[in-house]
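Reader: I have the sequence and the coordinates open. Please take me through the packing, one question at a time.

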Amino acid sequence: MVMGFRFRRGLRFGPFRFNITGKGLSSFSIGGRGATVNIPINWEGPARATASLPGTGLSWSEPIGRTSTGERRQAQRGAAGQPTTEQIVAAVQEAFVGTDGVGQALWHHPGLVALLMDRPDTPRAVLEQCQLVLSADRIELHIRRGRGPADTMARAKQVLEAAKQVLAYAVTIGLVKEG
């Protein structure tokens, strides 16, 4: 009979425990004796909540959260007839960098978004829109946080609408000429 060796090590920092296996960081746990939440990093499955009676060997463990890592990935792939997250991100990027895209008009003026964010008279709603379109990385991250195709598409529309509103405000206050 051949036995397989496994490596497992935990590093504790206050209430946090980082669980390391032969494949790297596996998960991290929050809590202590009696109650713990374990969140997967490098394996499939949902987070788990565990309650125990210390010293007895008795514990109860339940999955928490709506979806596992695999289910989230499947949701991002999109169903038949729906675009994938990658396709949505690519379409928004094209809308921003295309020759007549809203991003081209917005980013044609270097520092415009940062300037609007620094102005004390910029309305809060415009400031929130500026946060969304501050950089290409922020735009992509916002879209990728979508949970499923419908939410991802809604986030993409949010970003495009935010860019239009920021640009319209810049035109209104005279920082950018219309056209």
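The questions and answers below concern a predicted model and cover its nonpolar core, two helix pairs and one loop residue.

Reader: Which helix gives the most to the largest nonpolar core?

Author: The largest nonpolar core has 23 residues. At least two residues of this core come from each of α2 (85-97), α4 (112-118), α5 (124-133), α6 (136-144) and α7 (149-172). With eight residues, the helix that gives the most is α7.

Reader: Which residues have the most contacts inside that core, and what does L106 touch?

Author: L106, V133 and I143 have the most contacts inside the core. Leaving aside residues up to four places away in sequence, L106 touches L112, V113, V133, A163, V166 and L167.

Reader: Are α5 and α6 roughly parallel or roughly perpendicular to each other?

Author: The axes of α5 and α6 are 6 Å apart, and the packing angle is about 95 degrees. Angles from 65 to 115 degrees count as roughly perpendicular. The two helices, α5 and α6, are therefore roughly perpendicular.

Reader: Which residues make that contact, and how many of them are charged?

Author: From α5 the contact uses Q131, L132 and V133, and from α6 it uses R138, I139 and H142. By class, the contact of α5 with α6 has three nonpolar residues, two polar and one charged.

Reader: How are α5 and α7 oriented to each other?

Author: The axes of α5 and α7 come within 8 Å and cross at roughly 125 degrees. The crossing is left-handed. An angle of that kind falls outside the parallel, antiparallel and perpendicular ranges, so α5 and α7 are oblique to each other.

Reader: Which residues meet there, and how many of them are charged?

Author: V126, Q129, C130, L132 and V133 are the α5 residues in this contact, and they meet Q158, V159, A162, A163, Q165, V166 and Y169 of α7. By class, the contact of α5 with α7 has nine nonpolar residues, three polar and no charged ones.

Reader: Is H108 buried or exposed?

Author: H108 lies in the loop between α3 (102-107) and α4. Its relative accessible area is 55%, and the cut-off for exposed is over 50%. H108 is therefore exposed.

Reader: How far apart in space are H108 and V176?

Author: In sequence, H108 and V176 are 68 residues apart. In space, C-alpha to C-alpha, the distance between H108 and V176 is 9.9 Å.

How values were computed. Residues are numbered from 1 along each chain as its sequence is written. This is a predicted model: local features need pLDDT of at least 70, side-chain atom pairs count only at pLDDT 80 or more; totals for chains, interfaces and linings use all residues. Side-chain values use heavy atoms; hydrogens and water are left out. A nonpolar core is a set of buried Ala, Val, Leu, Ile, Met, Phe, Trp, Tyr and Cys residues joined through side-chain atoms within 4.5 Å. Buried means under 20% relative accessible area, exposed over 50%, partly exposed in between (1.4 Å probe, protein chains only). Helices (H or I, at least four residues) and strands (E, at least two) are DSSP runs, numbered from the N terminus. Contact means heavy atoms within 4.5 Å. Axes are lines fitted to C-alpha atoms, for helices over the stretch in contact, and angles run from 0 to 180 degrees between N-to-C directions. Angles under 35 degrees count as roughly parallel, over 145 as roughly antiparallel, 65 to 115 as roughly perpendicular and the rest as oblique. Ala, Val, Leu, Ile, Met, Phe, Trp, Tyr, Cys and Pro count as nonpolar, Asp, Glu, Lys and Arg as charged, and the others, Gly among them, as polar. A crossing is left-handed if the near helix is turned anticlockwise from the far one by less than a right angle, and right-handed if clockwise.
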